[in-house]
Structures are given as structure tokens and as C-alpha cells.
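Visitor: I should like to understand how the descriptive terms applied to a protein model are justified. Could you take me through the reasoning, term by term?

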Amino acid sequence: MQAVWITRTPDSDPAQRRGVVVFVAGWAGSDELARHLILPEGYDLLCLFDYRTLPADPGKTELYQLLEPYPERHLAAWSFGVWAAAQIFGDSPLHWNTATAINGTPLPISDDYGIPRRAFAVTVRSIGGAGTGKFLERMCSTPEILREYYRHRSTRSLEEIYDELLSLQREALATGSGALPAPGFWTAAVIGGRDAIFPPENMARYWGEAGVPLTTVETMPHYPLFDPNILIRLIHEAR
């Protein structure tokens with residue numbers, strides 16, 4: 001995993017730290033995807049991405065210690081980042097003022113609660129053979145949102161993100177074996193009615209059974225970051 005601070009208050013001025021937002025990106029993500037996002041004044045932004053490996057306990061403890069001093073802590077996880085956030089923060093002692101899952105579930109490869117297994121296997125074969133072009137079209141839904149994605153897209157190599165996809169397939173299936181929906185630390189979930197990657201009905205089933213408050217944005221595709229104010233809205237709407 002990689003962790004990149006996009007904005008961070010200097011250690012010499014801790015009194016200016018109102019809060020922190022941890023954005024847990026989806027598969028193939030990077031900090032480049034989140035650099036255009038707008039935050040409330042005084043909030044720092046940490047982006048987590050690249051799940052070829054996840055931090056061991058010492059690395060997780062170090063991350064928790066970095067976040068613990070903030071007066072407010074907000075988590076926003078997107079797509080496969082919802083699964084990654086559950087692995088990273090599931091045993092954390094941190095309290096989240098808000099923890100929002102966007103277009104994903106902690107069981108990301110599941111016929112009932114995530115991407116159906118057969119569809120995921122087809123995606124793996126497609127990206128391994130033809131690259132990400134078709135996937136990105138489905139992810140963004142419209143030419144306008146696709147153009148917006150390309151303005152901020154990750155520049156990680158296809159080889160690297162394909163390795164990540166295979167790692168996610170292996171680890172998500174292993175950790176999700178026999179698991180059932182559970183609220184965990186999540187305070188809210190948002191799903192897009194036009195999501196063509198995670199079936200909206202599967203996400204709604206997961207969060208409904210877990211008892212986590214759910215909002216459906218009917219016009220939203222899988223890619224939600226075309227809206228630069230999305231983090232501000234998630235924080236304000238939860239108050």
C-alpha cells in the first residue's frame with residue numbers, strides 16, 4: 001500500500017488542524033485522482049492506494065498514530081477501497097466522525113454483495129488482454145465524465161495495476177470466504193444508480209442487511225470523483 005499526504009498541516013502548527021480526511025482509493029488508483037478534491041478549511045487529506053500488499057500490524061499502528069491527534073477524522077472509501085479500508089482499519093481503535101463507503105462493499109467479489117465472481121473473472125481477462133479502455137468507459141458511463149477522469153487519472157503502469165488486480169482477486173476472495181454483511185465502523189454508504197461495475201442491487205443488499213444508512217444517487221456512475229465537492233458534501237451531510 002502507498003500513503004500520500006495531499007495536504008498536511010505542518011507539525012509546527014498543530015493548532016491549525018481541524019480535521020483529517022482519509023480517502024481510500026479504488027483499484028488502480030493513486031493520489032493523482034484526489035488532488036482536485038476540495039476540503040473544508042483546516043482539513044488535511046491523506047490518500048491510500050495500491051493494494052498489491054497491505055500494511056502489517058506495525059505499519060497499521062504507525063498510521064493510526066498519525067491520525068489519532070486530529071480533533072475530527074473522516075474516512076471516505078471508494079470501490080475496492082471499501083474492502084481495503086476494512087482490512088486496514090477494521091481493528092483500529094480510532095473513532096471516525098464519519099466513515100462513508102462509496103460504490104463498494106467489504107465483500108467486493110460476491111454474487112450477492114459485490115461484483116459477481118464470473119463478471120470479475122471476465123474483467124480480469126479483459127484487462128489482461130486489451131487494457132483498461134472498455135473498463136474506464138463503463139466506470140464513467142458518459143463521455144463527459146470520462147474526459148473528467150482523464151484529467152486526473154493515475155499514471156501507474158498497466159503492468160502494476162494488473163498485478164494489483166490479481167492480488168485483490170486473491171485476497172478479497174480469501175478474506176470474504178463465509179463472511180456476512182456487518183456494520184463495522186461504517187456510518188454511511190453511497191451507491192450510484194448508474195454503477196456498471198458494482199451492481200447497485202448487490203450493494204444495496206449488503207448495506208441494507210448490515211444496517212448502515214444508505215443513500216442512492218440515481219445519476220452517479222461508478223466513478224464519483226467528477227464532483228470535486230464530494231468530500232465536503234459527505235462531511236456536511238453527516239452532521
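**From values to terms**

Guide: W96 is buried, its relative accessible area being 5%. Please keep in mind that this is a predicted model.

Visitor: Why is W96 called buried?

Guide: The term buried requires a relative accessible area under 20%. W96 has 5%, and therefore counts as buried.

Visitor: What makes the pair of F89 and W96 edge-to-face?

Guide: Two conditions are to be checked. Ring centres must lie within 6.5 Å to pair, and planes over 60 degrees apart count as edge-to-face. For F89 and W96 the centres are 5.2 Å apart and the planes are at 85 degrees, so the pair is edge-to-face. F89 is buried as well, because its relative accessibility is 2%.

Visitor: How do you know that W78 and Y223 form an edge-to-face pair?

Guide: The count of aromatic pairs comes to 13. In the pair of W78 and Y223, the centres are 5.8 Å apart and the planes are at 65 degrees, so both values meet the cut-offs of 6.5 Å and 60 degrees.

Visitor: What makes this a link between distant parts of the chain?

Guide: W78 lies in strand 4 (residues 73-78), while Y223 lies in the loop between strand 7 (214-217) and helix 8 (230-237), and the two are 145 residues apart. W78 is buried because its relative accessible area is 3%, and Y223 is buried because its relative accessibility is 0%.

Visitor: Which residues have the most contacts inside the largest nonpolar core?

Guide: They are L75, F89 and W186, in a core of 77 residues. Helix 2 (residues 80-89) gives the largest share of this core, seven residues. In soluble globular proteins, nonpolar side chains tend to be buried together.

Visitor: Which residues is W186 in contact with, leaving aside its neighbours within four places in sequence?

Guide: Among them are L75, A77, V82, P106, W207 and V212. Ring pairs also link W186 into a cluster with Y113, F185, Y206 and W207.

Visitor: How many cavities of 30 Å³ or more does a search of the whole structure find?

Guide: The search finds one. The largest cavity holds about 50 Å³ of space. Its lining includes V21, H74, L75 and T98. Strand 4, strand 5 (98-102) and helix 8 each give two or more residues to this lining.

Visitor: How do the residues of that lining divide into nonpolar, polar and charged?

Guide: Six are nonpolar, three are polar and none is charged.

Conventions
Residues numbered from 1 in each chain as written. Predicted model: local features only at pLDDT ≥ 70, side-chain atom pairs only at ≥ 80, totals over all residues. Heavy atoms only, no water. Core = buried A, V, L, I, M, F, W, Y, C linked by side-chain atoms within 4.5 Å. Buried < 20%, exposed > 50% of the residue type's maximum accessible area, 1.4 Å probe, protein only. Helix = DSSP H or I, 4+ residues; strand = E, 2+ residues; numbered from the N terminus. Contact = heavy atoms within 4.5 Å. Phe/Tyr/Trp six-rings, centres within 6.5 Å; stacked < 30°, edge-to-face > 60°. 1 Å grid on protein atoms, 1.4 Å probe; cavity = no way out; pocket = protein on both sides within 12 Å on 5 of 7 lines; lining within 4 Å. Points joined across faces, edges and corners; volume = space filled by probe spheres on them. Nonpolar A, V, L, I, M, F, W, Y, C, P; charged D, E, K, R; others polar.
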